[in-house]
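Please open the model in your viewer and keep the sequence panel beside it. The tour below proceeds by selections, and each stop says what to pick and what is found there.

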Amino acid sequence: MSLRCVRLENHIGLGPERPEDEDEPFILEDTCLVNTENIDAHSCETSSLASSDSGDRTHFKRRRKAVETNATQHGFVLRHSVLKGISAQIVSAADKVDSGLPTAITISSVIAVGTSHGLALVFDQNQALRLCLGTTALGADYGAVSALSINHDCTRLLCGFAKGQITMWDLANGKLLRTITDAHPPGTAILHVKFTDLPTLAVCNDSGGSVFELSFRRVMGMRTCESRCLFSGSKGEVCCVEPLHAGPELKDHPVTQYSLLALASLTKILLLGLRPSLKVWMTFPYGKMQVDPTSVPLLAWQFVAVQKTINPILSFCRGDTIHFLLVKKDESGTIHVIKQRQFQLNCDPISLSWINSHTLVLMDSREKLRVLDRPSQEELEVVDMTELQLVYNSSYFKSLATGGNVSQALALVGERACFQSVSSYAGQIIYLGTKSVHIMTLRNWRERVDHLLKQEKCIEALSLAWSFHEGTAKAVLGLYDDPAKRKCVVADKMVEILLQYVNHSLKKCPEQGKIQVMEHHFQDMVPVMVDYCILLQRTDLLFNEIYPRLVENSVARGVFLESLEPYILNERIGCLTAPVMRDLLSYFQENGMIESVEGCLVHMDITNLDIKQVVKMCWDNQLYDAMIYVFNSGINDYVSPMEKLFQAICPPLHEGKPLTDEHVVIGNKLLVYISCCLAGRAYPLGDISEDLVPQVKNQVFEFLIRLHSVEAAQEEEVYPFIRTLLHFDTQEFLNVLALTFEDFKNDKKALEYQQRIVDILLKVMLDNSDFTPSQVGCLFTFLARQLAKPDNTLFVNRKLFDQVLEFLCSPDYDSRHTERQQVLLELMQIGGVVQFEEGHLLDLAEKAEFYQVCEFMYDRKHHYDRVVDCYLKDSLRKEELFNYIHTFLSMSDYTLDEKQSVRVKALQHIKDLVNINPVKTTALIAVHFSDKVHSIVTDLQDDDYLVFQFLMCLLDPSSREGLNPQAVMKVGPHLNELLVDLLCQFSPQQVITFLKMSRDYRLEETIQRKTEKMPKPIAPIYCMTARQTIQKLQVS
């Protein structure tokens, strides 16, 4: 091998992430690097590779496939570049100098590539070949390069070989410093060789599954290497090792002094501390996890900020779950290994790398790269890498160069092993293919947005940019940590995108065709512009730059104006420029969208409009809410809206005409508006300014108590406004006043208005015969409630209550009897009874047959027996008497004397009770009067049919169904025999049934009772026949 060794002139370092106004650092970036989006099928010479070893030359002939990249809501996160310079030289070296196929790769400030013929090619930042280490003759003895590692200061390179040797090279001059042949048992291939952060310490892992520590010494000018076995393959084969590396900024971290090393065997994970002495910190067995025997154990370290403290996290997996272990040292010096939340996958990974402290990149068994965000457990992007023709390390895991003396388990894992084909360093991950080298880095935020714009995905670009603006984006690179600075920078970019999007939407608009097609086009695009301008709080951009451009297209103009409505209704837009406001109102009017006009007006600042013109438009189109809002918000006028609404509903009410639906709507709005004004609330929403509240209340009260309207006709009655509201809806108007009066405390002026309004209410309603009893009752119920308040200051002449009582109880009013009684009853129930002389009230109620009122009064006086009379006299409530008596006698709240008075009254009216409902009477007697049955029958004997009804319900088993079990009682045979006699008289067809079912009668006495009323010649024959018949019935 005669390739020349070239000295490296410069080393490259990767500085910290830079702010927005500086260039993004990228180590190996130059004009030779080409992003995959610029590579077509002709310029990319790589191809798909499934699972194969790099030594198979037939892979050069594989068919090419296009790159498949999937953009999600996170955009294109990875920048995929092909190192064409290195790729070309690898292929050239294989053809020209028989270097062999690439077998291993590692990256630091340089890139080193091992080959199947034992060479190590070292490339600098410009992809120029600077060193060719080794010879083909050496390769013939040692086999292919199976593992590579560069130390932390990029001065040394370790090469492991397929036949078990290890070499160390000086990267400054290409000199071979050490050849190590006895570090591990012979006959095994080197799977891994890795420097630790200590310059004299490395580790290696062979195909026997053992791990060894390599300590480098220089004594008397002689370089030596001492080997120590850390883990024997006989205890479980290790197939992956990963030392913890800390950057210069973390060299003093309390954990780094222990030289941590993670090992992954086929059955468990081990965490070792190599210094100051060997110690096993943790063992994590895979346990009962169902693992595919071909699944590859993977390890990766990363320093991560957890709760504001930076500590290393080890990620590891074998199969479809990534586990995370946090390693930290507490204040006492104790080391803790803490398991973190795991990440569930839907694939089987073959490589795992951190690309920053939040983001991992794995390659699955189908050669797809998956970008994962650890904190959110989201998959950010999937990139198809089958075109890479990834190099697999299968032959070394099978140790083919030394005779294949490995276990079957390790050989199965080796089918997918690609450890030496993937290497990461400082935010870059490099992948080795048989003919090309690919490198992955995170795009900075601006690149991710611009990449979507290049594909004309403006909506996706805006969505992604907004996630950067709000700090919710994942895998973010190149943005300030300070939220204010971040938002400012991203907002500028979004404005730029929005203006491009406007031009794009106009340019792409179909010039010809149906209007619906153009509408559909702009409906897809214009709301996006509006939404993001509102989100950015840039209405100046929306109305001063975007809208003027869209106005040129009438369809776009209409869609824009319609798009504003939901934002106005949700109060996300409160103020429009004068031109936009005029256009909006005109457009809605022209297109019959009157309701939209009203909805928008009441949510906007309308001070820049022509108030008279808008009011006229609102009135003509019945937009009463908008009209009120314009008066209130535009000129602080709270009276004019009431005047206009009263003008609409006064005429039909005064003329006694039925109200139309429109009149009802106006009246209801008027009541709500008055209620809002008196409560200090703006109509239809919001609140009146605090300094205006007293003034508005006074204006409304002064308006309501006006003696006459401004343009009053000669025949207009006094107090037209209060009169109108009382006629429209007495109850609701009084409810409005009641709510208002609740706030009148320690306000002298308000209390004066309260008394004034009450006086007017009384004058209007009592001097006018147009009001119904219910309306009058509503007024006095309202007054009674006000007078009953402990802090009441109202004065109402008690004679007025007497006047109302006479009115409600007047026998001249035959109609509305139920209504008048209900009004009086409600008036008393809320405390109005104190306004009346009770004896006079009771007399009038009895004369008016207001039995519910009488009941109320008797109940107050504890004359409960008189309540029974009230129920009996009330034809509508007689059936309720039974429940009243039962409840009264069952409750413990009443005295024995009170209960006895009700018992006596009930027995006095027993005939009435049986006539009303014999079944309920029987149930009542059985529970509360069981000792009075015989006397009750005696009281009823004047009417045989009543006795019959009573005894049927009491004694006939068929009549007892549905009765309370307490109501079923036993009586003497005398009453049963009497019932048989009455059955023969009133219901002969039931005699046989009763005799069959009952056993409570005496046979001879029953027959005797019947024969006493028969002629003597017939009686003996009847007795004999009846006796035989009844005996048969009893037997059956």
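Begin by selecting I166 together with I180, for I180, in strand 11, is the bridge partner of I166. What you have open is a predicted model, in which local features need pLDDT of at least 70 and side-chain atom pairs count only at pLDDT 80 or more, while totals for chains, interfaces and linings use all residues. Residues are numbered from 1 along each chain as its sequence is written, and side-chain values use heavy atoms, with hydrogens and water left out.

Extend the selection to strand 10 (residues 166–170) and strand 11, which run antiparallel and are joined by four bridges. Strands here are DSSP runs of E with at least two residues, helices are runs of H or I with at least four, and both are numbered from the N terminus; two strands pair if DSSP finds at least two bridges between them. Widening the view again gives an open sheet of four strands in the order 8-9-10-11, with antiparallel pairing. Its edges are strand 8 (145–150) and strand 11 (176–180), each of which pairs on one side only, and the twist from one strand to the next averages 15 degrees. Such angles run from 0 to 180 degrees between N-to-C directions, with axes fitted as lines to C-alpha atoms, for helices over the stretch in contact.

Colour by confidence before going further, pLDDT being the predictor's confidence in each residue, from 0 to 100. The protein chain averages a pLDDT of 82, and 85% of the residues score at least 70. Over residues 1–72, however, the pLDDT is below 50, and beyond near neighbours in sequence this stretch has 169 contacts in the model, contact meaning heavy atoms within 4.5 Å.

Next, select strands 4, 5, 6 and 7, which form an open sheet in the order 4-5-6-7 with antiparallel pairing. The edge strands are strand 4 (102–107) and strand 7 (129–133), each pairing on one side only, and neighbouring strands of this sheet are turned by 20 degrees against each other on average, direction ignored. Helix 1 (residues 84–96) packs on the sheet, touching strand 4, strand 5, strand 6 (120–123) and strand 7, and its direction makes about 150 degrees with that of strand 6. Within the sheet, strand 4 is joined by five bridges to strand 5 (residues 111–115), and the two run antiparallel; pick I105 and you will find its bridge partner, V113, in strand 5.

Move on to strand 21 (residues 309–317), where seven of the nine residues are buried, that is, under 20% relative accessible area, as opposed to exposed at over 50% and partly exposed in between (1.4 Å probe, protein chains only). On one side, nine bridges join strand 20 (residues 298–306) to strand 21 in an antiparallel run, and L299 has F316 of strand 21 as its bridge partner. The hairpin of these two strands has two residues between the strands, and Q307 takes a positive phi near 55 degrees there. Strand 21 is also joined by five bridges to strand 22 (residues 321–329), again antiparallel, with C317 opposite I322 in strand 22. In this second hairpin, which has three residues between the strands, G319 takes a positive phi near 110 degrees.

Select strand 25 (residues 349–354) next, where six of six residues are buried. Strand 25 pairs with strand 26 (residues 359–364) in the antiparallel sense over five bridges, S353 stands opposite V361 in strand 26, and the two strands form a hairpin with four residues between them.

Which residues make the contact between helix 8 and helix 9? The axes of helix 8 and helix 9 (residues 539–550) come within 9 Å and cross at roughly 160 degrees. That makes helix 8 roughly antiparallel to helix 9 (angles over 145 degrees count as such, those under 35 as roughly parallel, 65 to 115 as roughly perpendicular and the rest as oblique). The contact is made by V526, M529, V530, C533 and I534 of helix 8 and T539, L541, L542, I546 and L550 of helix 9. While helix 8 (residues 515–535) is selected, pick out Q523, which counts as partly exposed because its relative accessibility is 44%. Q523 and S563 are 40 residues apart in sequence and 8.5 Å apart in space, C-alpha to C-alpha.

Finish with helix 22 (residues 817–829) and helix 24 (residues 851–861), whose axes come within 9 Å and cross at roughly 20 degrees. That makes helix 22 roughly parallel to helix 24, and residues in the contact include L824 and L825 of helix 22 and V853 and F856 of helix 24.
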